[in-house]
Amino acid sequence: MNRQSPSAPFGETRAMAELNERSREIFRRIVESYLATGEPVGSRNLSRILPMALSPASIRNVMSDLEASGLIFAPHTSAGRLPTELGLRFFVDAMMEIGDVGREERARIEAQMRAAASGHTLETALAEASAFLSGISRGAGVVVTSKSNARLKHIEFVRLDPSRALVVLVGEDGSVENRLLILPAGLPASALTEASNFLNARIRGKTLADVKQEIAIRRSDMERELDALTAKLVEAGLATPVGATETRQLIVRGQANLLEDLKAAEDLDRIRLLFEDLETQTDVIDLLTRAEDGEGVRIFIGSENKLFSLSGSSMIAAPFRDGSQKIVGVLGVIGPTRLNYARIVPMVDYTARVISRLLERGR
């Protein structure tokens, strides 16, 4: 399983390389304590849980060095230490041990996804995936996909009145999209049937984008088979409706989970800011779309992305593919920076793989 992260900040590599075994172990315990409790940990507590015998004074000296390297900080005077975002990034990239998804969990994920997809739309399966990831992470499960990526089964032009028609797009996943179309003046009644027949001979199993590209390449074939007005009707039926929003859709489940286990008033403020982030759907979609670049799971921590710069949140996301191995969407988890990365990363990765297999097999 591949893990990807934004490029490392300047100086990070050198600072990490200088950590000796003792420093790494103390740093690891600070991070693991934070991920488990959200609380800072002090030198006395560390002296009790470290595998080597070190006095609180020795531990404080190491913590001072870690703080100077930008890996940890003290939230309050005389408090214990917490990892910085830089420290979390180092831990996630260089120290965290990612396990595999167990056999029973694999079976449960596959059964849930198959049940959601069977006899329903792709959106139903994606909503189930989002809810599942929310449940195992106690964060918000998110999915972004493109409506235009649905594989088509049938298209129909239905006349409403002399100047308008309805374009009905039926997907192989059972989804139905209706579009209102203004008809060219003087269009004969037979043109709607001819346009439907022309497209239905070419669309099955293809996406809307595939069909548009094929017709653009073979425009001369269309002009030979159809008169000019009917050819215009075909192109209008495939075009993105004027004034339509971006064809990508965002599915979010489990925001209420983010309200659990709040430690302080500042946590509530952070979650309120995250809710505001999630309501800015365009920005969330843009961030998820970044996870389409390259292979494997992408991890965004805090201010590495401007969307989370105020709420201090993290996102773990992975792309999923259709039968032609084309990336058609991204799913993942958004939550506080103390997400259980070691557990969630393989879960997100495996769920994306299951969705990809369902798309490849046509569910």
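These legends walk through a set of close-up views of one predicted model.

Since the model is predicted, local features need pLDDT of at least 70 and side-chain atom pairs count only at pLDDT 80 or more, while totals for chains, interfaces and linings use all residues. Numbering runs from 1 along each chain as its sequence is written, and side-chain values use heavy atoms, with hydrogens and water left out.

**View 1. The whole protein, with its 14 helices and eleven strands.**
Helices (H or I, at least four residues) and strands (E, at least two) are DSSP runs, numbered from the N terminus. Of the 363 residues, 45% count as buried; buried here is under 20% relative accessible area, exposed is over 50%, and partly exposed is in between (1.4 Å probe, protein chains only). Take the contacts between residues at least 6 apart in sequence, and 64% of them join residues at least 24 apart, where a contact is heavy atoms within 4.5 Å. The protein exposes about 17700 Å², with carbon and sulfur atoms supplying 48% of that; the areas come from the Shrake-Rupley method with a 1.4 Å probe, and for residues only the protein chains shown count as cover.

**View 2. Arg 89 and Asp 93, a salt bridge along helix 5.**
A salt bridge here is a side-chain nitrogen of Lys or Arg within 4 Å of a carboxyl oxygen of Asp or Glu, and the whole structure has 14 of them. Arg 89 and Asp 93 meet at 3.1 Å, N to O. They sit four residues apart in helix 5 (residues 85-95), so about one helical turn separates them. Arg 89 is buried at 1% relative accessible area, whereas Asp 93 is partly exposed at 37%.

**View 3. Glu 110 and Arg 114, a salt bridge in helix 6.**
Here the N to O distance is 3.3 Å. Again the two residues are four apart, this time in helix 6 (residues 103-117), so they are about one helical turn from each other. Arg 114 is partly exposed, at 42% relative accessible area.

**View 4. Asp 349 and Arg 353, bridged within helix 14.**
The closest N and O atoms of Asp 349 and Arg 353 are 2.9 Å apart. Both residues lie in helix 14 (residues 341-361), four residues apart, or about one turn of the helix. Asp 349 is buried at 10% relative accessibility, and Arg 353 is partly exposed at 42%. Elsewhere, salt bridges with shared partners tie Arg 89, Asp 93 and Glu 304 into one network.

**View 5. Arg 202 over the ring of Phe 198.**
The charged end of Arg 202 sits 3.8 Å from the centre of the Phe 198 ring. To count, NZ of Lys or CZ of Arg has to be within 6 Å of the ring centre and within 35 degrees of the ring normal.

**View 6. Ile 26 and the largest nonpolar core.**
A nonpolar core is a set of buried Ala, Val, Leu, Ile, Met, Phe, Trp, Tyr and Cys residues joined through side-chain atoms within 4.5 Å. The largest one has 60 residues, and those with the most contacts inside it are Ile 26, Phe 27, Ile 316, Phe 320, Leu 331, Tyr 341 and Ile 355. Helix 14 gives the most to this core, with eleven residues. Leaving out neighbours within four places in sequence, Ile 26 is in contact with Leu 46, Leu 50, Leu 54, Ile 59, Val 62, Met 63 and Leu 66. Apart from this core lies another, of 24 residues, including Ile 155, Ala 165, Val 211 and Leu 226. In soluble globular proteins, nonpolar side chains tend to be buried together.

**View 7. Ser 313, buried in strand 10.**
Strand 10 covers residues 313-321, and Ser 313 has 0% relative accessibility. Setting aside residues up to four places away in sequence, Ser 313 touches Leu 274, Phe 300, Ile 301, Gly 302, Phe 308, Gly 335, Pro 336 and Thr 337.

**View 8. Arg 138, with a positive phi.**
Arg 138 is not a glycine, yet its phi is about 60°. Most residues other than glycine have a negative phi. Arg 138 lies in the loop between helix 7 (122-137) and strand 4 (140-146), and is partly exposed at 41% relative accessibility.
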